[in-house]
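Me: I'd like to go through this model with you, one question at a time. Could you take a look and tell me what you find?

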Amino acid sequence: MLPWQQAREKVIEVVRARMRRPGRERVRLERVLGRILGESVAADRDLPAFPRSIRDGFAVRAADAADIPAEFDIVAEIRAGDSFEGTIGPGQAARIMTGAPVPDGADAVVMVEHTRELSARRVAVDRPVRAGQYIVPQGNEARAGQKLLDPGRRIGFGELALLAEVGCAQVHVFRQRRVAVLSTGDEIVPVGQQPGPYQIRDTNSLSLCAQVALAGARPRLVGRAADQEQALDERIREGLAAHMLVLSGGVSKGKYDLVEQVLRSLGAEFYFDAVAIRPGRPAVFGWCAGRPVFGLPGNPVSTMVTFELLVTPAIDLLSGTEPRPLPLVPARLAVALDEKEGLAHFLPARLEWTAAGIEARPVPWRGSGDLAGMSQSNGFIVVPADRPRWQPGDMIEVLLRRDLL
Ligand code: AMP
Ligand code: MG
């Protein structure tokens, strides 16, 4: 049984070593949010392409305002997108808008709030002027040809804007990975079906597909398999057509927990078959037919927690990018805790952002099957395996829920 941090490291090490690089496709910029860049991108021209005014005001020669107040003749008006072909001479000023090119001769922009217009053709400057003020020089942000983004970068809204700035109307991104999701258990029925008295609805298919999609891959629902060798064998083979397979249920020690056994019969090797966490202890990770395979415990909250800790870095790596760090942050504990030693506990918790930082309090929760309790939470308090007892006011780590931020 591995501590969860080591289990996560193991996943990263194995997937990094055994995976193949994803293929690429060209996609329109409007459709690449959250995708992984598959090429390096350079500036197609200087950024900015011209010396740019960053204030509305007057472009002048700073030396002319050595003695203030100083007066200038207004010789031009330059709007954003326009230009002025002339040169600003001594005692001259051009009215200029934010985003407009600063004309030759001028080396400073005086913001309009620091001027007095004496007439339509004459303006006074009341404050000292520093050469270069409110001008971004041409190429100040990047030179034409300079590399701006490397392959493997995730495209967020900032990267999207940068790609637009350098004219990438289409861009190469790595193809999204397909992750097969397979729920196992004799007792589970699809959500659209009325469960019998001792049956339960399959919630893990929904939550797992959601977690796969949030992680940036494409979920592929294989469906459900009963706790029976042949059914499992068939479904698992189907799932192995995807780039990765995530199963839920059937990995504990019960007589009908057959997932590991069936995977082994299909040639799987395992890297761990238990993790020192609650909920989620029976989680297994292996490799089968060239694919990473996760067997997550079936209790819905166990499935969610183990997915976040163990499966997300595998999806990042398969997708062609470095694993994102877990969103773990310190929080002030509102209550005392006394958990079992030897296991790290992930307690569904309500996190509140206060002026003094994050405050965390466990939600009333009846264990790893309790989705009603869990739905009050927006994160998990992480009680480390080697420190089970905590006092109110202690600083403890919490795991943010990515789906709610
Ligand atoms: P297992 O890991 O197969 O021993 O299942 C542990 C618990 O999780 C049992 O109470 C199952 O009924 C429940 N469970 C298993 N699979 C699912 C699922 N797909 N949806 C909701 N609950 C499940
Ligand atoms: Mg089961």
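Me: How many Å separate the centres of domain 2 and domain 3?
Reply: Happy to help, and keep in mind that this is a predicted model. Domain 2 is made of two segments, 27-44 and 144-174, while domain 3 covers 52-136. Taken over C-alpha atoms, the distance between the centres of these two domains is 36 Å.

Me: Which peptide bonds that lead into a proline are cis?
Reply: Proline 48 lies in the loop between strand 2 (41-42) and strand 3 (52-53), and omega for its bond with the preceding leucine is about -10 degrees. Proline 69 belongs to the loop between strand 4 (57-60) and strand 5 (70-78), and there omega is near -5 degrees. The cis bonds are therefore, by these omega values, leucine 47 to proline 48 and isoleucine 68 to proline 69.

Me: What is phi of tyrosine 134 near?
Reply: Tyrosine 134 is placed in the loop that runs between strand 9 (122-125) and strand 10 (135-136). Its phi is positive although the residue is not glycine, with a value near 60 degrees.

Me: Where does ligand 1 sit, and which elements give two or more residues to its shell?
Reply: Ligand 1 is found in the largest pocket. Two or more shell residues come from each of these elements: strand 13 (178-184) and strand 15 (200-201).

Me: How do the residues around ligand 1 divide into nonpolar, polar and charged?
Reply: There are 17 residues around ligand 1, and those that come nearest are Glu187, Asp202, Thr203, Gly250 and Gly298. By class, the shell holds four nonpolar, ten polar and three charged residues.

Me: Which residues have an N or O atom at 2.6 Å, 2.9 Å and 3.1 Å from an oxygen atom of ligand 1, and how much of the ligand is covered?
Reply: A side-chain N or O atom of glutamate 187 is 2.6 Å from a ligand oxygen. Backbone N or O atoms supply the other two distances, 2.9 Å for glycine 250 and 3.1 Å for asparagine 299. On its own, ligand 1 has 480 Å² of accessible area, and the share covered by the protein is 79%.

Definitions and conventions: Residues numbered from 1 in each chain as written. Chains lettered and ligands numbered in written order. Predicted model: local features only at pLDDT ≥ 70, side-chain atom pairs only at ≥ 80, totals over all residues. Heavy atoms only, no water. Near = heavy atom within 4 Å. Polar contact = N/O pair within 3.5 Å; in protein donor to acceptor, adjacent residues only side chain to side chain. Areas by Shrake-Rupley, 256 points an atom, 1.4 Å probe, with all protein chains shown as cover. 1 Å grid on protein atoms, 1.4 Å probe; cavity = no way out; pocket = protein on both sides within 12 Å on 5 of 7 lines; lining within 4 Å. Sits in = over half its atoms within 2 Å of the grid points. Helix = DSSP H or I, 4+ residues; strand = E, 2+ residues; numbered from the N terminus. Nonpolar A, V, L, I, M, F, W, Y, C, P; charged D, E, K, R; others polar. Domains from an automatic or database assignment.
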